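Student: I'm new to this one and would like a close look at a single part. Could you walk me through it slowly?

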Amino acid sequence: FDVITAKDGVDAMSTLQDHSPDIMLLDIEMPRMDGFEVAKRVRSTSSMNELPIIMITSRTGEKHRQTGLAAGANEYMGKPFQESKLLSSIRDLLTITQ
């Protein structure tokens with residue numbers, strides 16, 4: 001995979017103006033703009049609203065999971081996660097969108 005990183009949510013949104021990734025891996029807890037807000041903004045932007053989003057976070061409670069999915073995440077994974085599960089989710093989401 002070719003990977004582009006962002007240091008926080010504001011940087012992620014700026015990066016998305018210059019790049020069109022196939023998928024986004026997103027944490028909730030980031031400075032300046034959290035992952036929930038990033039997901040909402042991606043979903044409300046017509047050029048990115050179909051971008052698959054996997055949230056990977058230490059916030060594993062059902063409340064956070066529901067908030068993440070409502071914000072637009074396609075998949076919600078808790079930390080620590082199994083690499084095989086992440087790769088499987090990535091493949092599944094990329095197959096659906098292509």
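Student: Where does Pro80 lie?

Tutor: Pro80 lies in the loop between strand 3 and helix 4. Before we zoom in, a word on what you're looking at: this is a predicted model, in which local features need pLDDT of at least 70 and side-chain atom pairs count only at pLDDT 80 or more, while totals for chains, interfaces and linings use all residues. Residues are numbered from 1 along each chain as its sequence is written, and side-chain values use heavy atoms, with hydrogens and water left out.

Let's place that loop in the whole chain. The protein chain has 4 helices and 3 strands, and from the N terminus on they run α-β-α-β-α-β-α. The radius of gyration is 13 Å, close to the 13 Å that the globule rule gives for 98 residues, so the chain is as compact as a globular protein of that length. Helices (H or I, at least four residues) and strands (E, at least two) are DSSP runs, numbered from the N terminus. The radius is taken over C-alpha atoms, and the globule rule is 2.2 Å times the number of residues to the power 0.38. Along the principal axes, the C-alpha atoms fill a box of roughly 30 × 30 × 20 Å.

Now to the loop itself. Pro80 is joined to Lys79 by a cis peptide bond, with omega at about -5°. Lys79 also has a partner: its side chain meets that of Asp27 in a salt bridge (3.2 Å, N to O). Lys79 lies in the loop between strand 3 (75-78) and helix 4, and Asp27 in the loop between strand 1 (24-26) and helix 2 (35-43), so the pair ties together parts that are 52 residues apart in sequence. Here a salt bridge is a side-chain nitrogen of Lys or Arg within 4 Å of a carboxyl oxygen of Asp or Glu. Side chains of opposite charge can pair when their charged atoms come close.

How covered are these two? Lys79 is partly exposed at 40% relative accessibility, and Asp27 is partly exposed at 23%. The cut-offs are under 20% relative accessible area for buried and over 50% for exposed, with partly exposed in between (1.4 Å probe, protein chains only).

Asp27's loop has a curiosity of its own. Arg32 is also in the loop between strand 1 and helix 2, and its phi is near 70°, a positive value in a residue other than glycine. Arg32 is exposed, with a relative accessible area of 60%.

Back to the two elements on either side of Pro80. Strand 3 and helix 4 have a link of their own: the side chains of Glu75 and Lys85 meet in a salt bridge (3.4 Å, N to O). This pair connects distant parts of the chain, with Glu75 in strand 3 and Lys85 in helix 4, 10 residues apart. Glu75 is partly exposed, with a relative accessible area of 23%, and Lys85 is partly exposed at 42%.

Further into helix 4 (residues 83-97) you'll find Ser89. Ser89 is buried, with a relative accessible area of 3%. Leaving aside residues up to four places away in sequence, Ser89 touches Ile54, Glu75 and Met77. A contact means heavy atoms within 4.5 Å.

Met77 also gives us a ruler across the chain: its C-alpha atom is separated by 19 Å from that of Val42, 35 residues away along the chain. Val42 lies in helix 2 and is buried at 0% relative accessibility. Among the residues that Val42 touches, not counting those up to four places away in sequence, are Met13, Leu16 and Met24.

Helix 2 holds a salt bridge too, between the side chains of Arg41 and Glu37 (2.9 Å, N to O). Arg41 and Glu37 are 4 residues apart in helix 2, so they are separated by about one helical turn. Both count as partly exposed, Arg41 at 38% and Glu37 at 29%. By the salt-bridge rule, the count comes to 5.

To step back out, buried residues make up 37% of the 98 residues in the chain. Of the contacts with a separation of 6 or more, 47% are between residues 24 or more positions apart. For your loop, keep the cis bond between Lys79 and Pro80 in mind, along with the salt bridge from Lys79 to Asp27.
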